[in-house]
Amino acid sequence: MTLRVTNTAKTYPDGTKALLPTELSVAKGEIVSLLGPSGCGKTTLLRIIAGLETPDAGSEIWFGNDNVTSLPVERRKVGMVFQSYALFPNMSVRANVGYGLKMQKLPKDEIESRVTEVLELCQLQEFSGRAIDALSGGQRQRVALARAIAPRPRMLLLDEPLSALDAALREALRDELAMLLREFHITAIFVTHDQDEAMAIADRVAVMSHGHVVQSGTPEELYRNPNSPFVAGFVGNAMRLEGKVAGSTLHLDGGELALPRDGTGHNVFVRAEDVQINTEGPLNGKVESVTFFGTHYRVGISGIMTDVLTSTYAGQSAPKVGERVEVSIKPEALMLLPEGAEV
């Protein structure tokens, strides 16, 4: 099923604008992430889609050809997975998965057949008789997903489904969640503030800031072609080069860089992997920090800007703190973004 959100906003009685007029379209079977910092409106938008919040007058929510703006949550037929998973600890895995079907008062044999099907899809057959408290965090996540899809919802909505897990488990389950969502063949929207999670799971990411979507695209499109300093910094942590732009040249304390085009009126950003330490670079700076991350080093270099970071693979030798280094940045790696754009 497709989703279309049109001119949708949310203003609370005290005047707080939690969501500014927002547009969003989701194709059938597409996985879309709402990505942004705390307070940007992503959870409010998800709750409006679910029917848990009433939007401002003039807002419209369309599920396919159906205008569901005025429908209560129980009639929208969406599956929901929350941060806490909200599983019933006094029920077995099988009973949790079948709960929604039981509430629909379906025939017992139909419930049993559907629950078995979903347990197999989520690889939970061997845990079907276990209590929820006897499961790991990853297993509980799969139970929550299984319960959400068992009633065959028109859409699956997930609110920070991995945030309650520790960092190591969250990373391990990220790929598993992406695989399961694609196996469901269901339109899915999930909220996250974690850019790695959004880029690993979603077909398309809608970046939100200050109550509305500021850019939407595939993870690669957002990473390579951000439309504002905010998106450049939030998706991939691009760095602004603090220098003076004169035509197609950027003047820095540590040297000059040729820009890919006239940069007048623009900010210049670059990503760490595009900053190269070599012996023939046109820029010169001092190594202020070296941090080891296993697969790579992060090297902080001053003199080019307040703090330029470069990423060096661990297989290469890293410079020493205090060492003077030469740095090169290819012109095509520079991102020129308009001054005054949202940050």
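In the predicted model, Phe88 is partly exposed, with a relative accessible area of 26%. Tyr99 is likewise partly exposed, at 29%, since both values fall between the 20% limit for buried residues and the 50% limit for exposed ones. The two rings form a pair with centres 4.7 Å apart and planes at 55 degrees; this angle is neither under 30 nor over 60 degrees, and the pair is therefore tilted. Phe88 lies in the loop between β6 (78-81) and α2 (93-103), whereas Tyr99 belongs to helix α2, so that the contact links distant parts of the chain, 11 residues apart.

A search of the whole structure finds three aromatic pairs. Another of these is formed by Phe292 and Tyr297, with a centre-to-centre distance of 5.1 Å and 50 degrees between the planes, and is also tilted. Phe292 counts as exposed because its relative accessibility of 51% is over 50%. Tyr297, by contrast, is buried, because its relative accessible area of 19% is under 20%.

Phe292 falls within strand β17 (residues 283-292) and Tyr297 within strand β18 (residues 296-302). These strands run antiparallel and are joined by six bridges. Thr291 stands opposite Arg298 in β18. Both strands are part of an open, five-stranded sheet with antiparallel pairing and the order β16-β20-β17-β18-β19. At its edges are β16 (275-278) and β19 (308-313), each of which pairs on one side only. From one strand to the next, the twist averages 50 degrees.

A contact between a charged side chain and a ring involves Arg271, which lies over the face of Tyr223 at 3.9 Å from the ring centre.

Terms used
Residues are numbered from 1 along each chain as its sequence is written. This is a predicted model: local features need pLDDT of at least 70, side-chain atom pairs count only at pLDDT 80 or more; totals for chains, interfaces and linings use all residues. Side-chain values use heavy atoms; hydrogens and water are left out. Two strands pair if DSSP finds at least two bridges between them. Helices (H or I, at least four residues) and strands (E, at least two) are DSSP runs, numbered from the N terminus. Axes are lines fitted to C-alpha atoms, for helices over the stretch in contact, and angles run from 0 to 180 degrees between N-to-C directions. Rings of Phe, Tyr and Trp (its six-membered ring) pair if their centres lie within 6.5 Å; planes under 30 degrees apart count as stacked, over 60 as edge-to-face and the rest as tilted. Buried means under 20% relative accessible area, exposed over 50%, partly exposed in between (1.4 Å probe, protein chains only). A charge sits over a ring if NZ of Lys or CZ of Arg is within 6 Å of the ring centre and within 35 degrees of the ring normal.
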